[in-house]
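Welcome! Let us take a walk through a protein model together, one part after another. Keep the picture beside you as you read.

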Amino acid sequence: MGAEAESLLVNRHRTKLDTDVIIKKNFSDEETDHKKHSSVDYLQERIAIERVPDTDNNGNDDNGNHSNNSTNDTTNKTKVILDKSNLLPADIGTDFNFKRKIVWKNAIGFLFLHLLAVYGLIIQLLGYADFRTILYTTFLIIASGMGVTMGAHRLFTHRSFKAKTWVRVLLLWMHTMAGQNCMYVWVRDHRQHHKYSDTDADPHNASRGFFFSHVGWLMSKKHPLVIEYGKKIDMSDMEADPWIMFQKKYYKTMYLIFTVLIPTSIPIIFWNESYLVSLFTTYFYRTVVQLNFTWCVNSVAHIFGNKPYDKNMLPVESRAVAIMAAGEGWHNFHHSFPWDYRAAELGMPHNLTTTLIDLLAKYGQIYDRKFVSDEVIRKRCLRTGDGSHHKHGRMPEEIPEGELILRKYIVEKQKLDQFRNHLENYAKEDDLNNNNNNNGKDKLQVKQPCADSNNSCNKDLVCKLKDKQALNACSA
Ligand SMILES: [Zn+2]
Ligand SMILES: [Zn+2]
């Protein structure tokens, strides 16, 4: 572990010394006390701290024993020996005193990229771009989006389904077109994001706020723990894939060809679009829109929304992000069940990625789709959800009495509104009939409950039984 990362962890654990940390030292009675705490037992496997007791200038410790410590240090010295492989995310947390270093080259680069993208949008709005260029750009956004959501995310990162080689290569190509770094780095960062979600070891730690998790993380020097824990991510499957490693090796060249040159050339070649308009719309505008859609999953879908599956995490359900990112906004579900190829339970129709996976699966090009059972979802919702699930809310005894009364009131009000609507509709129809029946002389109306014995009449609670024909119409 790097010295900087280790010192950060040392400082963090020093503050928790009395409660959380195992002290491996000479005082056997204190050691026994500490072992009484289960949390300490748990951490004992992971952290060992050697504490050198306080010494005075003569080298005597708190108990008056002489210390042979050659340094004769008069301050508390805590030496932390970290088990480098088993530290859990809960132990990492977020150090809000950590000062990030801005990488100005990236910050200025992203600023210019966004300004050029805005210009690309303006020329489209002002009509300088051919409508075919606009349609084509929209198509590219969706296609390269599939490279990210279906390819990089659900297939390569989570292995939630299997696909035939041509599908994998196509997805790799579309992912290259999106211009979001090579597949290897994308997958590593996302696996790390799941493993150390919203801690200092998460590349886009949402605990640091909206801007950092959206784009700030790409403008900052990586936190030392991101570097350290990134090395622990298992990437053996990616390293065994020659297509992935080829893209990684030649990524810069491939970016130039597949992200910039080919997408930009097509409008110029096929419908004589101007060079600049094509560049600004199919490259700058498209890639920036695409990037922001993806970034919203890391920022918006970790901050604004409800948590029906697990309230103990930051990720939330976000319909807006689901629409933008082709089904990736149902993020509380996804972080609860990352191996589910749908990345949502009730995502449709805002889950284009799942629709296309199902379509390819229908024709046998995608197979072995993994998904979680309804029963597991139900249990998870009841155990850890925030009660906002449409079906599996909290257990009745967990719902406050006030909320129960409110729910009852809402249901009763809905019934009342429905009944009022029916009455109003009935009154309107009644007036209409009166007008059509010569001042109502020969009207014969009998109000009675719906005569449809199967109770399948959805039209009115009360039918107008005027004659047999009317009764049939009601039952139809
Ligand atoms: Zn996430
Ligand atoms: Zn994921």
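What follows is a short tour of this model, from its overall make-up to a few single residues.

## The overall picture

Please keep in mind that this is a predicted model. The protein has 476 residues, and 32% of them count as buried. Its secondary structure comes to 21 helices and six strands. Among the contacts with a separation of 6 or more, 63% join residues that are 24 or more positions apart in the sequence.

## The nonpolar cores

How many residues does the largest nonpolar core have? The number is 56, and the residues with the most contacts inside this core are M183, C296, V321 and A325. Seven helices are worth finding here: α7 (131–157), α8 (165–178), α9 (183–195), α15 (275–298), α16 (319–324), α18 (352–362) and α19 (374–384) each supply at least two core residues. The largest share of this core comes from α15, with ten residues.

You can zoom in on M183 to see what surrounds it. Leaving out residues up to four places away in sequence, M183 touches A152, F156, L172, H175, I244 and Q247. There is also a second, separate core, made of six residues, including I92, A201, V226 and Y229.

## Two helices that meet

Two packed helices are described by the angle between their axes and the distance between the axes. For α7 and α8, the angle is about 115° and the axes are 7 Å apart. The crossing of α7 past α8 is left-handed.

Which residues make this contact? On the α7 side they are L140, A143, S144, M146, G147, V148, M150, G151, A152 and L155, and on the α8 side they are L171, L172, M174, H175, M177 and A178. Sorted by type, the residues of the contact of α7 with α8 are twelve nonpolar, four polar and no charged.

Another helix that packs against α7 is α18, whose buried residues also pack against β4. Those buried residues are L352, T353, T354 and I357. After α18 comes G364, which has a positive phi near 75°.

## Stretches named in the record

An unreviewed UniProt entry lists residues 107–128, 134–156 and 253–271 under "transmembrane region". The table shows what the model has in two of these stretches.

| Residues | Helix | Strand | Distance between end C-alpha atoms |
|---|---|---|---|
| 134–156 | 100% | 0% | 30 Å |
| 253–271 | 100% | 0% | 26 Å |

## Two residues with positive phi

Now for the backbone. R159 is not a glycine, yet its phi is positive, near 50°. You can find R159 in the loop between α7 and β3 (162–163). D368 is not a glycine either, and its phi is positive too, at about 55°. This residue, D368, sits in the loop between β4 (366–367) and α19.

Are these residues buried or exposed? R159 counts as partly exposed because 15 other C-beta atoms lie within 10 Å, a number between the limits of 12 or fewer for exposed and 20 or more for buried. D368 has 11 C-beta neighbours inside 10 Å, so this residue counts as exposed.

## Two residues inside helices

Let us finish with a residue from each of two helices. A107 is in helix α6 (residues 104–125). Why does A107 count as partly exposed? The reason is that A107 has 15 C-beta neighbours inside 10 Å, while a buried residue needs 20 or more. Apart from neighbours within four places in sequence, A107 is in contact with I102 and M219. A107 and G216 are 109 residues apart in sequence, but their C-alpha atoms are 8.3 Å apart in space.

T287 is in helix α15. Is T287 buried or exposed? T287 is buried, because 24 other C-beta atoms lie within 10 Å. Not counting residues up to four places away in sequence, T287 touches G179 and T259. Along the chain, 146 residues separate T287 from I141, while 7.8 Å separates their C-alpha atoms.

Definitions and conventions: Residues numbered from 1 in each chain as written. Chains lettered and ligands numbered in written order. Predicted model: local features only at pLDDT ≥ 70, side-chain atom pairs only at ≥ 80, totals over all residues. Core = buried A, V, L, I, M, F, W, Y, C linked by C-beta atoms within 7 Å. Helix = DSSP H or I, 4+ residues; strand = E, 2+ residues; numbered from the N terminus. Contact = placed C-beta atoms within 7 Å. Axes fitted to C-alpha atoms, helices over the stretch in contact; angles between N-to-C directions. Left-handed = near helix turned anticlockwise from the far one by under 90°. Nonpolar A, V, L, I, M, F, W, Y, C, P; charged D, E, K, R; others polar. UniProt positions renumbered as here; feature names shortened; annotations may be inferred.
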